[in-house]
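Me: I'm new to this one. Can you walk me through it?

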There are 2 protein chains.
Amino acid sequence: MPQGKLDQDTETADFRSGLPLSLLIHQLAMKIDAQGRALIARHGDLTLPQWRIVRVLGLGAPEGSTALRKVLGFDKSQFSKTVNQLQERGLLSVTDLPTDGRQLRVSLTDAGRAVHERLAPVLEARNDHLMQALAPEERRVIRSALSKLSHAAEATELPKGNVD
Amino acid sequence: MPQGKLDQDTETADFRSGLPLSLLIHQLAMKIDAQGRALIARHGDLTLPQWRIVRVLGLGAPEGSTALRKVLGFDKSQFSKTVNQLQERGLLSVTDLPTDGRQLRVSLTDAGRAVHERLAPVLEARNDHLMQALAPEERRVIRSALSKLSHAAEATELPKGNVD
DNA sequence: TCTTTTTGGTGGACATGTCGACGAAAATTC
DNA sequence: GAATTTTCGTCGACATGTCCACCAAAAAGA
């Protein structure tokens, strides 16, 4: 038995429990992204941001570009690029939005709906898998907690006037 | 009052509550990163990954490169590049690790420690701010929940044999 | 010991996300 | 209604993160 190695792993694990919340969330997001990427790659050739757009449209998200973009939390730039990629692949139909000449109306094509039908169950199973890892109490509050953290992460100025 | 706009926002907010957990976590991580980036930029010129290395070393993380990398959850490549950036800036001292010829020993220089002392309180206040946004019950379980999700996100094969 | 396998750091190519600028359309103000 | 301000999509430059291939050192197996 490699005693030194065990010590090292234990030290690592112990240390991890004291890390800042921000780092833990970052790490979790990276792992979840990687897992999602792997599942998507195994069942098609979409990128993760592409799939996310297909996914929320498949879930019935609003089709106005701004509303859709805010649901996804995408940057304007990234949203524009990814939508155009999907349009070129024939998965999205992009038309003018009658009520606002600046925005677009984004909807799935038949091909886009087909991709969604194929991938959605896989990714849904993954999310179920994640939820099942939680204790009932945790499961009950996780969405509310994430939502509150999200709101708190939007503050540009923190309580402490910390500029010099 | 722009009634249409209110409807749209309400629709967006309502829809958000049904989004997949994976997307919510991704969105939260992006917001937290952006907030951290803004704070770091305001008090220095480190990048976020650079700060993370300085931070965990300042917290007393192991100095062996592999252990340190795993605490951070960094990719091998990114870790290597970021450590070299910090070394060039004179914030890190990188030497050979006696116990393993492949690994490196990474530690803060005096300059690195100074940067840590300057930034740590600011980022700590931010993390306090995040925690205070949670209800007591949520605060109690959040770390455990994140840890369980992290573990569940490492599975490469999901319960369902979902190939075709 | 000798071979094989695993693990570590590095570099390059690429995917993802951020930021600032730009013109066009809409909302606001006067 | 005209001028101003805001919001929108697009673009280019850059920061961040991922993935793969390479070689060297260590570990495991013979």
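Here is a short chat about how the chains meet and what surrounds one DNA strand.

Me: What should I know about the model and the numbering?
Reply: This is a predicted model, where local features need pLDDT of at least 70, side-chain atom pairs count only at pLDDT 80 or more, and totals for chains, interfaces and linings use all residues. Residues are numbered from 1 along each chain as its sequence is written, chains are lettered from A and ligands numbered from 1 in the order written, and side-chain values use heavy atoms, without hydrogens and water.

Me: What rotation superposes chain A on chain B?
Reply: A rotation of 179 degrees, with 0.0 Å of shift along its axis, and the RMSD is 0.1 Å. The fit is by least squares on C-alpha atoms of residues with pLDDT of at least 70 in both copies. The two copies are thus related as by a two-fold rotation axis.

Me: Which residue of chain A comes closest to the rotation axis?
Reply: A:Ala29, with its C-alpha at 3.2 Å.

Me: How many residues does the contact take from each chain?
Reply: 72 from chain A and 73 from chain B. Contact means heavy atoms within 4.5 Å.

Me: And how much area do chain A and chain B bury?
Reply: About 6800 Å² between them, with 64% of it on carbon and sulfur atoms. That is accessible area (1.4 Å probe) lost when the two parts are put together, summed over both.

Me: How many salt bridges are there between chain A and chain B?
Reply: The count is 6. One of them pairs B:Glu137 with A:Arg140, whose closest N and O atoms are 3.1 Å apart. A salt bridge here is a side-chain nitrogen of Lys or Arg within 4 Å of a carboxyl oxygen of Asp or Glu.

Me: New topic. How many residues surround DNA strand D?
Reply: 24, and the closest are A:Ser65, A:Ser80, A:Arg102, B:Gln78 and B:Gly101. A residue is near the strand if one of its heavy atoms lies within 4 Å of it.

Me: What share of the strand's atoms within 4 Å of the protein belongs to sugar or phosphate?
Reply: On DNA strand D, 66%, and the rest belong to bases.

Me: Which base atom is 3.0 Å from the side chain of A:Ser77?
Reply: A base oxygen of DNA strand D, the distance being to an N or O atom of that side chain. For B:Ser77, a base nitrogen of DNA strand D is 3.1 Å from a side-chain N or O atom.

How values were computed: Polar contact = N/O pair within 3.5 Å; in protein donor to acceptor, adjacent residues only side chain to side chain.
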